[in-house]
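Here is a short set of exercises to work through at your own pace. Have a look at the model first, then try each task before reading its solution.

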Amino acid sequence: LGPGAVNTEKARPGDWICPQCRDLQFARNASCRRCGAAKPMPQNMGPQASGFYPMGGMGTTSAPAQAMMGDWICPQCRDLQFARNAVCRRCGADRPKDGS
């Protein structure tokens, strides 16, 4: 998503809103994929951290992202991208021509 774009995904339990750029993040993300801000947790934000979880389910652990068929790693920032993404969601780099 580019600057000013609105994320239309629906939140699920454990998903969180980035306190800096307000982008919706999957529960498994330890940091914001858009701006890099840390996941709001009691250790870094105190009790107000729970306010960034629209569906509840604030957890204390984050599982690493698992690649699915067709997903690709951005050659510039090394972030895992979904197969449907033509550009990196984190840094905006184009998907490599070979798709990997």
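The exercises below go from the overall layout to single residues and pairs.

The model is predicted, so local features need pLDDT of at least 70 and side-chain atom pairs count only at pLDDT 80 or more, while totals for chains, interfaces and linings use all residues. Residues are numbered from 1 along each chain as its sequence is written, and side-chain values use heavy atoms, with hydrogens and water left out.

**Exercise 1. The layout**

Task: work out how many helices and strands the chain has, and in what order the elements run.

Solution. Begin with the rule: helices (H or I, at least four residues) and strands (E, at least two) are DSSP runs, numbered from the N terminus. Applied here, it gives one helix and four strands. Reading from the N terminus on, you meet them as β-β-α-β-β. Next, turn to the contacts, where contact means heavy atoms within 4.5 Å. Of the contacts with a separation of 6 or more, 31% are between residues 24 or more positions apart.

**Exercise 2. Surface and core**

Task: find what percentage of the 100 residues count as buried, and name the residues of the largest nonpolar core.

Solution. Start with the cut-offs: buried means under 20% relative accessible area, exposed over 50%, and partly exposed in between (1.4 Å probe, protein chains only). On that scale, 28% of the 100 residues count as buried. For the surface, accessible areas come from the Shrake-Rupley method with a 1.4 Å probe, and for residues only the protein chains shown count as cover. The chain exposes about 6,400 Å², and carbon and sulfur atoms supply 55% of that area.

Now the core. In soluble globular proteins, nonpolar side chains tend to be buried together. A nonpolar core is a set of buried Ala, Val, Leu, Ile, Met, Phe, Trp, Tyr and Cys residues joined through side-chain atoms within 4.5 Å. The largest one has seven residues, namely Trp16, Cys18, Cys32, Ala37, Met41, Phe52 and Tyr53. To look around one member, take Phe52: leaving aside its neighbours within four places in sequence, its contacts include Trp16, Ile17, Pro40 and Met45.

**Exercise 3. The charged network**

Task: locate the salt bridges and say which parts of the chain they link.

Solution. Side chains of opposite charge can pair when their charged atoms come close. The test for a salt bridge is a side-chain nitrogen of Lys or Arg within 4 Å of a carboxyl oxygen of Asp or Glu. Searching the whole structure gives two. One joins Asp23 to Arg34, with the closest N and O atoms 3.7 Å apart. This pair links the loop between strand 1 and strand 2, where Asp23 sits, to the loop between strand 2 and helix 1 (42-45), which holds Arg34, eleven residues apart.

Another joins Asp23 to Arg89, with the closest N and O atoms 2.1 Å apart. Here the partners are 66 residues apart, Arg89 being in the segment after strand 4. Asp23 and Arg89 are both buried, whereas Arg34 is partly exposed at 22%. Put together, Asp23, Arg34 and Arg89 form a network of salt bridges.

**Exercise 4. The ring pair**

Task: decide whether the rings of Phe26 and Phe82 are stacked or edge-to-face.

Solution. Rings of Phe, Tyr and Trp (its six-membered ring) pair if their centres lie within 6.5 Å; planes under 30 degrees apart count as stacked, over 60 as edge-to-face and the rest as tilted. The structure holds one aromatic pair. The centres of Phe26 and Phe82 are 5.8 Å apart and their planes stand at 80 degrees, so the pair is edge-to-face. Phe26 lies in the loop between strand 2 and helix 1 and Phe82 in the segment after strand 4, so the pair ties together parts 56 residues apart in sequence.

**Exercise 5. The cysteines**

Task: explain why Cys88 and Cys77 do not count as a disulfide.

Solution. A disulfide is a pair of cysteine sulfur atoms within 2.5 Å. The closest cysteine sulfur to that of Cys88 is in Cys77, 3.5 Å away, and therefore too far for a bond. For Cys91, the closest is in Cys74 at 3.6 Å, again too far. The count of disulfides comes to zero. As for exposure, Cys88 is buried at 2%, while Cys91 is partly exposed at 37%.
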